[in-house]
Amino acid sequence: MKAQRRIPFIPLIIIAALAGGGLYWWHSHSDSPAATSAENGQPAGGKGGRGPGGRGGPGGMGAAVTPVQAAEAQRQSVPQYLSGLGTVTAANTVTVRSRVDGDLIAIHFTEGQQVKAGQLLAEIDPRPWQVALMQAEGQLAKDRATLANARRDLARYEKLVKTNLVSQQELDTQRALVNETLGTIKADEGSVASAQLNLTYSRITSPIDGRVGLKKVDLGNYITSGDTDGIVVITQTHPVDLVFSLPENDIGAILAAQKRGAVPVEAWDRSNKTRLAQGSLLSMDNQIDTTTGTVKLKARFTNEDDRLFPNQFVNARLKVDTLQDAIVIPAAGLQMGNDGHFVWVVGPEDKVSKKAVTVGTQDSTKVVIASGLDAGEKVVTDGIDRLTEGAKVEIVAPQATPLTSGKSAQPSRGVSD
């Protein structure tokens, strides 16, 4: 019976122990920073809160400032260009072939050499044509002697016919013989000229100024006038032409530019980073290519430094007009939204605002603003990602690392109320 009476006191001991532990915990947290702050009239959040004394309040840390880069909108004279991909073509291309048959006995050029018109390039064995010339000249001399004798006989017949010693028929026959001999001499003179021409053709000269290509036949080969490959190809590169295409919508601007005078054309490399040459528009095709909707144009360049080479692909830029007093900003400052193009403008107190603009011509570096922006306004060009209407910014100098990550500058500690 005594053991059964002690059993109810065990739960009471456990409850008392738990109550003592809870009382100890309450006393140990009564002096925490939250309680101390509450006694001083501050919210439990302390400096980290968003109340009057927190970072975001006027009495705590200052508002975040976004670093950006900016550029002023400027008034400039902006040239208007039309661009197209083109191919450099030689002003003249000649395949040098032999006009006569024979052995190639001499080559007087070096591959890749610049040659002048009339310069000797190669020689064909001239001996067969020298022999033919001698034969033609011999036949001509023989027929000239025959003509001289026929003319003397004709003079005698004209005297004798008056005395009736020679009949009129014999006189007429002699006159016909003289005329026949004159015709033979004409044919002989043609044979001599032909032999002389063939002898001249045995010396092959350059028909144009230009650059010699790789030779297509070696010394000692027998070549013929029917050989289609020829001996060598000459391309005229001073000057050189550029053939390129532009959309048919640009024809009106091109014609207007031609009426004002010579139209400048620039040739740029494939990456559009280096200008190779500057020339002028030479001509425009007389019809539009219906398959592409483009028209072909040809520009000419002096190419004195040989930077343009036949069959080279280059970018052509044709200057058709110049915009005077245009508002220009860097291309990085132009943005595109749901409502169209806009820019971020830095206003008073370094606060930004969004302005809708109308865009004119543009390229990879600058944009012409047709309306919506005035000269002198500062346009944000970098650090745009986190900008909002009315946000305060800090304009910093250009740096190697872009500011587009949107990182805020370290805020300064504000003055508490």
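Let's start with the aromatic pairs in this predicted model: the count comes to one. The partners are Phe-342 and Trp-344, and their arrangement is edge-to-face, with 6.2 Å from centre to centre and 85° between the planes. That label follows because planes over 60 degrees apart count as edge-to-face. As for their surroundings, Phe-342 counts as buried because its relative accessibility is 13%, and Trp-344 counts as buried too, at 7%. The cut-off at work here is 20%, since buried means a relative accessible area under that value.

Stay with Phe-342 for a moment, as its ring has a charged partner: the charged end of Lys-354 sits over it, 4.6 Å from the ring centre. So Phe-342 turns up in the edge-to-face pair with Trp-344 and also under the charged end of Lys-354. Another charge-over-ring arrangement involves Arg-317, whose charged end sits over the ring of Tyr-81 at 4.0 Å from the centre.

Now for the helices. Helix α4 covers residues 127–160 and helix α5 covers residues 168–201; they pack with their axes 8 Å apart, at an angle of about 165°. How are α4 and α5 oriented to each other, roughly parallel or roughly antiparallel? They are roughly antiparallel, because the cut-off for that description is an angle over 145 degrees. The crossing of α4 past α5 is left-handed. If you look at what makes up the contact of α4 with α5, its residues divide into 17 nonpolar, nine polar and ten charged.

Terms used
Residues are numbered from 1 along each chain as its sequence is written. This is a predicted model: local features need pLDDT of at least 70, side-chain atom pairs count only at pLDDT 80 or more; totals for chains, interfaces and linings use all residues. Side-chain values use heavy atoms; hydrogens and water are left out. Rings of Phe, Tyr and Trp (its six-membered ring) pair if their centres lie within 6.5 Å; planes under 30 degrees apart count as stacked, over 60 as edge-to-face and the rest as tilted. Buried means under 20% relative accessible area, exposed over 50%, partly exposed in between (1.4 Å probe, protein chains only). A charge sits over a ring if NZ of Lys or CZ of Arg is within 6 Å of the ring centre and within 35 degrees of the ring normal. Axes are lines fitted to C-alpha atoms, for helices over the stretch in contact, and angles run from 0 to 180 degrees between N-to-C directions. Helices (H or I, at least four residues) and strands (E, at least two) are DSSP runs, numbered from the N terminus. Angles under 35 degrees count as roughly parallel, over 145 as roughly antiparallel, 65 to 115 as roughly perpendicular and the rest as oblique. A crossing is left-handed if the near helix is turned anticlockwise from the far one by less than a right angle, and right-handed if clockwise. Ala, Val, Leu, Ile, Met, Phe, Trp, Tyr, Cys and Pro count as nonpolar, Asp, Glu, Lys and Arg as charged, and the others, Gly among them, as polar.
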